[in-house]
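Student: I'd like a close look at a single part of this protein, with its surroundings. Please also tell me how the values were obtained.

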Amino acid sequence: MEKTSRQKIIAYYTAVAKKNKLLKYPTLAGMFVTLIFYYVGMHFMTNGKRYASMLFVAVFFMSSCSFSFAVFAERTGFTGAQETYSAIVETSDISLAEVEPVNPVVEEILEEGNVIVSEHDEEAETYTLDDLLAHHEHDHGTRSNDNYTEPGADTEFTFDSSDWRLALINKQHPIADDYDFKLGTFTSGMRCDERVIEDLLLMMQAAKKDGLNLVVRSPYRTSDHQEDNFNDRIKSYMRQGLSYMEAYKATSIVITVPGCSEHEVGLAFDITSDSFIELKQGFADTEEGKWLEEHSYEYGFILRYPSGKEYITGIEYEPWHFRYVGREAASAMKKEDLCLEEFWDKYL
């Protein structure tokens, strides 16, 4: 009967040990190590399909259920990363609303009444129109929107993907390393892309004319500030009993990971009112919230994370978060009820 591989290994090392008594113990040690590799190899050969399945599930989970793989792939130049992600998203029927959190505490925490504001956000200043005009370095005269002509019903929109106003920044599209912009400064705490200032003031002035007082709470943020916000939220959730991974997942739904936030390029603003300062979904029911929903597009702003689009944006409904995209694009998105991701799929 032909010997097995195990028997051949033992026979070989035994023969060597008998011929060379001085090498007896080193030979036995070598046999022991060789047998370990033999058994490990046999184990993987026997259970190959099982491990291949586990690897497939892990890769699929990373690419479709988390933004970490997409961000890593894009930053490291992994070929086809975005195509892979897009294909998974387009063919998947999974939506955020349908996914049950592992820990029921997650669902409770994400409810409006349980949203935790980081200590850095609590310290954030707020800026009214008067505050901004008082520190604006250009003329302080009354501005108007008279030059704006709303596109007609038959208007055909054309856009350029290189337009700075249309930059797609989200969990799957981190800020490009060569992205360049100049900060316009009202005060030491209130900064944004200087190309947005005029339309921001026009919008706030128009609301003021209608008897409403808009307040900018969170304009430009540094990457360090964004990282502090993200980490603070994770720690707060963990103090409520979540594991790190559960806290990370919950945080990623309400705060964008550093390097992927529109606040970091000065194009996004958290806007509320002087009577409703908190960043909560109840702002949508205020007069200021309704006014912004109806008129912000006239000044080039969009509600970046609308209700019902969470499965596309990856962020919960935020009626206070407005992003500048320019008037033509904002008009198209308003007219067709598109979020920025859908706009890119259709026009760019």
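Tutor: Happy to help; what follows goes from the whole protein to one helix and then to a nearby topic, a loop residue. This is a predicted model, in which local features need pLDDT of at least 70 and side-chain atom pairs count only at pLDDT 80 or more, while totals for chains, interfaces and linings use all residues. Residues are numbered from 1 along each chain as its sequence is written, and side-chain values use heavy atoms, leaving out hydrogens and water.

The mean pLDDT (the predictor's confidence in each residue, from 0 to 100) is 80, and 75% of the residues reach 70 or more. Over residues 63-76, however, the pLDDT is below 50.

The protein has 15 helices and seven strands; these are DSSP runs, H or I of at least four residues for helices and E of at least two for strands, numbered from the N terminus. Of its 348 residues, 43% are buried, meaning under 20% relative accessible area, with exposed over 50% and partly exposed in between (1.4 Å probe, protein chains only).

Now to helix α14, residues 327-336, where Arg-327, Ala-329, Ala-330, Ser-331, Ala-332 and Met-333 are buried. These buried residues pack against α9 (197-209), β6 (301-305) and α15 (340-347). Just after α14, Asp-337 takes a positive phi of about 55 degrees.

The loop between α12 (287-295) and β6 holds Ser-296. Ser-296 counts as buried because its relative accessibility is 4%. Leaving aside neighbours within four places in sequence, Ser-296 is in contact (heavy atoms within 4.5 Å) with Met-203, Trp-291, Phe-301 and Phe-322.
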